[in-house]
Amino acid sequence: MPYKKFDVSKINLLPLLDRESDLEVETTTKPLDAEVPAFESEELDALTDAIVEAKKKGAPVIMLMGGHVLRRGNANYIIDLMRRGVIDHLGMNGSVSIHDYEFSKIGRTSESVAKYISEGQFGLWKETGEINDIVNAAMDTEMGYGEAVGKHVWENNYPHRETSLLANAYRYGVPATVHVGIGQDIIHEHPNVNGAALGECSYRDFLILTESISKLENGVFLNYGTAVMGPEVYLKALAMARNVAHQEGKVIQHFTTAVLDLTNIGRSTDKEAAKMTQAYYFRPYKTVLVRTVSDGGKSYYVRGDHAETFPNLYHQVLQKMEK
């Protein structure tokens, strides 16, 4: 059937500076020497030990993250760990790339969904849609979504590029990948979105992530504040990497995984939660903490506010690396 499609040419875009933004870059980007909130956790201690051990062995630390990790003020910590070679691959969902882009361009991000959805203006801000133009142009190159946006922000000297995860990943040569679901991000509302380019460039990023996962033996995988994208993308990438490794007589099974989030899943992570319980349907639990490390790996669950857990992780890792 020739079903009727919505006419995106009718969309009215407004200037980004006209939007009331909830977050300022100065208040969400903490200095590296800022006082760190107290956070005691045996799991975090063990996780930072695993990260330091992985770096000693030359194994990678791979991190997939959701938007609230950035919104809670951790950009500088993440950037410094990339600069130091601690984080070898940084993956994110589409919301992170959007917040990151807006921060780098105008120094603010985030909007009231309640306010702007009522006005029919939620997400429809002209400058944010520039991400689509960047990704559309990248389709004719070999770049993925993450590298293309990071390169654009860095080379065009955006006002706040020093705080941009994508720009600094490009600067330091760290793979930064963006894993999108079409229709999930505000830039997909814009008339200039090209589904083919979006899919191609994010798929390239998936293959770049899979290549990183193929080297995960003795390394660490961090699932930071992402309940769906992180575990699902990691699971498929690991399956692909193990498929090839098995053909070559290699293994990818001795590594550490960690989930850092707010959900209360209880203390035991050595087996799956019972079906028909809330914890069973929290995918990071069964996928990252149990199923993918059941044949030789270790896993840790660190429950806490990202504004507390990441700064403490950052400082613990640096202190232990200096010993």
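Contact here means heavy atoms within 4.5 Å, and in this predicted model that criterion can be applied first to helix H12, where the buried residues pack against S6, H11, strand S7 (256-261) and strand S8 (298-303). The buried residues in question are Pro284, Tyr285, Lys286, Thr287, Val288, Leu289 and Val290. Because seven of the eight residues of H12 are buried, the helix is largely enclosed by the rest of the structure.

One of the partners of H12 deserves a closer look. Two packed helices are described by the angle between their axes and the distance between the axes. For helix H11 (residues 229-247) and helix H12 (residues 283-290), the axes come within 9 Å and cross at roughly 35°, and the crossing in which H11 passes H12 is left-handed. On the H11 side the contact is made by Pro231, Glu232, Tyr234 and Leu235, while H12 contributes Arg283, Pro284, Thr287 and Val288. Sorted by class, this contact of H11 with H12 has five nonpolar, one polar and two charged residues. Of the H12 residues in this contact, Pro284, Thr287 and Val288 also appear among the buried residues of that helix.

From the packing of helices we can turn to the empty space. Rolling a probe the size of a water molecule over the atoms shows where empty space is left. The largest pocket has a volume of about 720 Å³, and of the 33 residues that line this pocket, those closest to its centre are Asn93, Gly94, Ser95, Gln184 and Asp185. Two or more lining residues are given by each of helix H3 (67-71), helix H5 (94-106), strand S4 (108-111), helix H10 (195-213) and H11, with the largest share, five residues, coming from H5. By class, the lining of the largest pocket has 10 nonpolar, 15 polar and eight charged residues.

Two of the elements that contribute to the lining also help to place two residues with notable backbone angles. Ser110, whose place is in strand S4, has a phi near 80°, a positive value in a residue other than glycine. Asn218, found in the loop between H10 and strand S6 (220-224), likewise has a positive phi, of about 70°, although it is not a glycine. How buried or exposed is each of these residues? Since buried means under 20% relative accessible area, Ser110 counts as buried at 7% relative accessibility, whereas Asn218, at 36% relative accessibility, counts as partly exposed.

How values were computed:
Residues are numbered from 1 along each chain as its sequence is written. This is a predicted model: local features need pLDDT of at least 70, side-chain atom pairs count only at pLDDT 80 or more; totals for chains, interfaces and linings use all residues. Side-chain values use heavy atoms; hydrogens and water are left out. Axes are lines fitted to C-alpha atoms, for helices over the stretch in contact, and angles run from 0 to 180 degrees between N-to-C directions. Helices (H or I, at least four residues) and strands (E, at least two) are DSSP runs, numbered from the N terminus. A crossing is left-handed if the near helix is turned anticlockwise from the far one by less than a right angle, and right-handed if clockwise. Ala, Val, Leu, Ile, Met, Phe, Trp, Tyr, Cys and Pro count as nonpolar, Asp, Glu, Lys and Arg as charged, and the others, Gly among them, as polar. On a 1 Å grid over the protein atoms alone, a cavity is a set of points where a 1.4 Å probe fits but cannot get out, and a pocket is an open set with protein on both sides within 12 Å along at least five of seven lines; lining residues have an atom within 4 Å of a point. Grid points are joined across faces, edges and corners, and a volume is the space filled by probe spheres set on the points. Buried means under 20% relative accessible area, exposed over 50%, partly exposed in between (1.4 Å probe, protein chains only).
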